[in-house]
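Here are a few short exercises to work through with the model open beside you. Try each task before you read its solution.

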Amino acid sequence: MKSSLKGLVVVAVASASLCSIVAAQSLQEITVQATRILNTKTVERNASTGAPILDVSVSYGIRVTDLDLASHYGPIQLEKRVRDAAMAACKDISRQYPDSTPSDEVCAKAAADKAMVNVRELVAAAKATAK
């Protein structure tokens with residue numbers, strides 16, 4: 001049990017981030033990163049330290065090359081993809097860590113909102129290029 005908890009902590013820390021960071025990797029893809037907080041209990045509990053809190057994150061890449069972002073429907077489709085990916089990422093974390101917070105809905109909204117900043121930039125660039 002002790003070694004499996006340490007393994008879990010190592011994996012969680014290796015994939016941890018301090019906050020949800022969402023960035024456009026290139027003009028070809030948008031990255032949606034969902035972050036949840038995981039409270040764990042230590043095997044050798046120290047009364048003065050309590051349980052550690054870890055941020056666990058999952059990232060999904062969203063392809064945009066098949067969309068015409070200068071059109072009316074391209075940005076609508078991309079926004080749907082971002083929101084769907086955000087919810088899927090949050091549900092993945094929830095399945096692996098059922099005690100994590102916040103809820104799937106709050107997690108997905110935060111991840112999608114951050115990704116939408118890059119979506120708006122891509123759409124504006126596509127529309128400016130199309131003129």
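The exercises below concern a predicted model and go from the whole chain to two single residues.

**Exercise 1. Describe the fold of the protein chain in outline.**

Solution. Start by counting elements: the chain has three helices and three strands. Next, put them in order; starting at the N terminus, they run α-β-β-β-α-α. Then turn to contacts: of those between residues at least 6 apart in sequence, 64% join residues at least 24 apart.

**Exercise 2. Summarise burial and surface for the protein chain.**

Solution. Begin with burial: 36% of the 131 residues count as buried. Now the surface: the chain exposes about 7800 Å², and 58% of that area is supplied by carbon and sulfur atoms.

**Exercise 3. Is valine 123 buried or exposed, and which residues does it touch?**

Solution. First locate valine 123: helix α3, which spans residues 104-130, contains it. Its relative accessibility is 12%. Buried means under 20%, so valine 123 counts as buried. Setting aside residues up to four places away in sequence, valine 123 touches Leu69 and Pro75. As a last check, compare C-alpha positions: valine 123 and glycine 74 lie 49 residues apart along the chain, yet 8.6 Å separates their C-alpha atoms.

**Exercise 4. Place aspartate 92, classify its burial and list its contacts.**

Solution. Aspartate 92 belongs to helix α2, residues 73-96. With a relative accessible area of 19%, aspartate 92 is buried, since the cut-off is under 20%. Once neighbours within four places in sequence are left aside, Val58 and Tyr60 are in contact with aspartate 92.

Terms used
Residues are numbered from 1 along each chain as its sequence is written. This is a predicted model: local features need pLDDT of at least 70, side-chain atom pairs count only at pLDDT 80 or more; totals for chains, interfaces and linings use all residues. Side-chain values use heavy atoms; hydrogens and water are left out. Helices (H or I, at least four residues) and strands (E, at least two) are DSSP runs, numbered from the N terminus. Buried means under 20% relative accessible area, exposed over 50%, partly exposed in between (1.4 Å probe, protein chains only). Contact means heavy atoms within 4.5 Å. Accessible areas come from the Shrake-Rupley method with a 1.4 Å probe; for residues, only the protein chains shown count as cover.
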